[in-house]
Amino acid sequence: MNGKKKILALSMAAMMLFVTACGNGGKNTDASNSGNVNSSGESAQTQDGGKQYLNSLLNAEPATLDAQKGSDLYGNTVINNITEPLLRMAEKDDGSNELIPAAAESYEVSEDGLTYTFKLREGMKWEDGQPLTAKDFEYGIRRVADPATGSESAFLLAPIKNFNKINSSKGEVNLDELGVKAVDDSTLEVTLEAPTVYFPTLVPFRVMLPARADIIEKYGEKYGSEADTVLSCGPFKLVEWTHNSRLTLEKNNEYWDAENVKLETVNLPIMTDTNTVMNSFSVGEVDVVRTNIPEWVTKFEGMDEVKFKKVDLPSIDYLSVNHKDDLMKNEKIRTAINLAVDREGLAKTLSEGFVVPSQGWTPNGIQLDGKEYRKEIGDSFKDLKEANKDLKALFIEGMKELGLGEDPASLDITIIYTNSPRVKMINEFVQQSINTKLGTNVKLETMEWPILSGRVQKGDYQLAYLAWTADYNDPSAMLSLFTSAAAAVNTGWESADYDKIITEASQEKDSQKAMELYKEADKMIVDESVVIPLIGASTNQYHYDFVKGIKYSEFTTTGYKTIDTSERQK
């Protein structure tokens with residue numbers, strides 16, 4: 001191929017313990033993907049023969065380990081470690097990110113920027129010894145694009161040629177038309193609709209992972225629901241999944257780079273109680289945690305054997321809005337609720353200095369051509385606030401348009417959320433804000449994450465408390481979620497104008513013009529109350545000094561691969 005050739009030097013220096021990319025619907029707790037005690041409350045360890053282990057955790061039961069279907073961060077943490085992508089996103093010593101080789105040892109880009117050709121390394125295998133080939137990547141990507149799959153993250157493939165036509169066709173357009181082709185066992189060719197600057201940063205994520213057609217056909221709907229229905233081609237394999245209790249990963253000796261994987265075991269109990277996690281870390285039963293709760297910050301920073309760093313989170317906590325609900329379909333109702341939330345008060349209540357009130361949908365920590373996107377575009381709420389001073393009157397106008405009278409107290413509005421004490425506190429604050437300013441009756445309903453996720457995707461809700469973390473470092477990672485083709489969050493809202501803005505921005509080579517387009521999209525989400533952004537945050541990451549190789553970037557996808565705990569005291 002004539003064109004720019006990008007040979008990637010294999011660098012194993014980058015590592016990140018917390019994988020929150022593909023973070024749809026994550027509930028925001030204070031110990032994200034960190035820490036571990038086993039189901040009996042004792043420290044979970046693997047000490048025979050001095051083998052290395054890591055004690056980590058998940059904050060909720062994964063909805064699925066089907067890489068092509070799901071999108072929650074809990075499942076993604078596991079998938080990222082048991083499946084090998086073409087490339088991984090690593091973190092350099094200075095904190096910046098770089099793409100490094102994984103299944104692909106190199107790739108080329110055509111002169112017109114439309115065709116990417118990935119050359120796979122030789123000798124790669126699945127856990128059962130079968131070869132890992134370009135056909136597996138072709139199958140996995142096509143499966144995401146297939147509307148019959150129902151992938152929650154499929155929208156990320158929008159830059160690929162014919163994706164939108166196929167994904168929206170309800171099976172009427174042949175998958176062979178998708179711009180993905182296995183030229184031979186070691187060559188994968190991906191063709192785009194138009195040059196897309198950020199496309200290489202999508203390559204490490206679940207929408208471009210390989211899959212085995214025979215395994216998926218064997219298990220059908222059960223694929224990804226149990227430990228024995230998934231197959232590894234990554235650095236670790238899943239050997240245990242006790243639902244709502246724990247998962248355990250072990251080193252995959254069939255992995256192409258197994259000699260550089262230090263850990264033999266990663267323990268992942270499912271833990272929802274923040275205080276339990278924090279107490280466990282404080283007595284050494286947990287290897288690493290994140291928190292911005294002042295009492296724990298003070299305690300951990302006083303521990304000599306603990307290292308820490310402040311981490312900006314490119315994530316947003318928000319209320320998803322069901323636009324097909326009889327009440328929420330009214331824009332005045334949505335706007336009144338949106339503006340009734342006291343974001344500043346909520347941020348101060350939660351954690352002074354770590355939590356910030358949202359200024360729009362796109363959070364801090366996202367860059368565009370090296371510029372901090374949120375700082376560049378400013379407060380997207382400004383015009384909406386100035387145009388709507390009397391929120392209760394606005395709410396009543398919406399009621400009258402719906403034929404619901406003029407008494408806000410006669411209405412019940414329900415927010416569903418996951419059963420975390422901290423999330424409960426947030427929703428109680430939001431409840432009080434709305435009730436006080438609008439005089440209505442907001443009710444709260446709590447449930448486990450898989451149930452909540454299922455209800456949102458089925459459209460069985462009014463308002464749902466969720467969190468989203470950007471998949472990659474570009475505004476499109478957040479803003480493309482609301483294009484008509486996206487199925488990531490079921491709000492029922494669609495806009496051809498919005499779709500056009502996002503398409504133009506993703507193809508715009510002038511970063512300043514792209515910035516203005518994304519700014520327009522961010523403002524549209526706020527003005528139409530597509531969702532109700534609440535807060536963004538930063539946090540502190542703490543780990544014991546014997547845990548080596550940890551990095552901090554939210555965009556890193558190297559998983560547990562290079563964690564080294566050899567200095568753990570026996």
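Mentor: Helices in this predicted model are DSSP runs of H or I with at least four residues, and strands are runs of E with at least two, both numbered from the N terminus. Threonine 133 lies in the loop between one of each, β6 (115–120) and α2 (134–145).

Trainee: What makes threonine 133 count as buried or exposed?

Mentor: Buried means under 20% relative accessible area, and threonine 133, at 14% relative accessibility, therefore counts as buried. Leaving aside residues up to four places away in sequence, threonine 133 touches Leu120 and Asp185, where touching means heavy atoms within 4.5 Å.

Trainee: How do you know whether asparagine 80 is buried or exposed?

Mentor: The reasoning uses the cut-off of 20% again: asparagine 80 has 8% relative accessibility and so counts as buried. Asparagine 80 is found in helix α1 (residues 73–82), and its C-alpha atom is separated by 9.9 Å from that of lysine 561, although the two residues are 481 residues apart along the chain.

Trainee: Why are α8 and α12 called roughly parallel or roughly antiparallel to each other?

Mentor: The axes of helix α8 (residues 331–340) and helix α12 (residues 391–401) come within 8 Å and cross at roughly 155 degrees. Angles over 145 degrees count as roughly antiparallel, and α8 and α12 are therefore given that description. Their crossing is left-handed, and the residues that make the contact include Ile333, Ile337 and Leu339 of α8 together with Leu391, Leu394 and Phe395 of α12. The residues of this contact divide into nine nonpolar, two polar and three charged.

Trainee: At what angle do the axes of α8 and helix α13 cross?

Mentor: The axes of α8 and helix α13 (residues 421–438) come within 8 Å and cross at roughly 120 degrees, a value that is neither in the range of 65 to 115 nor over 145, so the pair counts as oblique. α8 passes α13 in a right-handed crossing, with Ala336, Ile337, Leu339 and Ala340 of α8 meeting Ser433, Ile434, Lys437 and Leu438 of α13. Those residues divide into six nonpolar, one polar and one charged.

Trainee: What makes a set of residues a nonpolar core?

Mentor: The members must be buried residues of the listed nonpolar kinds, joined through side-chain atoms within 4.5 Å. The largest such core has 90 residues, of which Leu86, Phe118, Ile160, Trp361 and Trp468 touch the most other members, and helix α17 (residues 511–527) gives the most to this core, with seven residues. Apart from it lies another core, of 85 residues, including Ile337, Leu463, Phe546 and Ile550.

Key. Residues numbered from 1 in each chain as written. Predicted model: local features only at pLDDT ≥ 70, side-chain atom pairs only at ≥ 80, totals over all residues. Heavy atoms only, no water. Axes fitted to C-alpha atoms, helices over the stretch in contact; angles between N-to-C directions. Parallel < 35°, antiparallel > 145°, perpendicular 65-115°, else oblique. Left-handed = near helix turned anticlockwise from the far one by under 90°. Nonpolar A, V, L, I, M, F, W, Y, C, P; charged D, E, K, R; others polar. Buried < 20%, exposed > 50% of the residue type's maximum accessible area, 1.4 Å probe, protein only.
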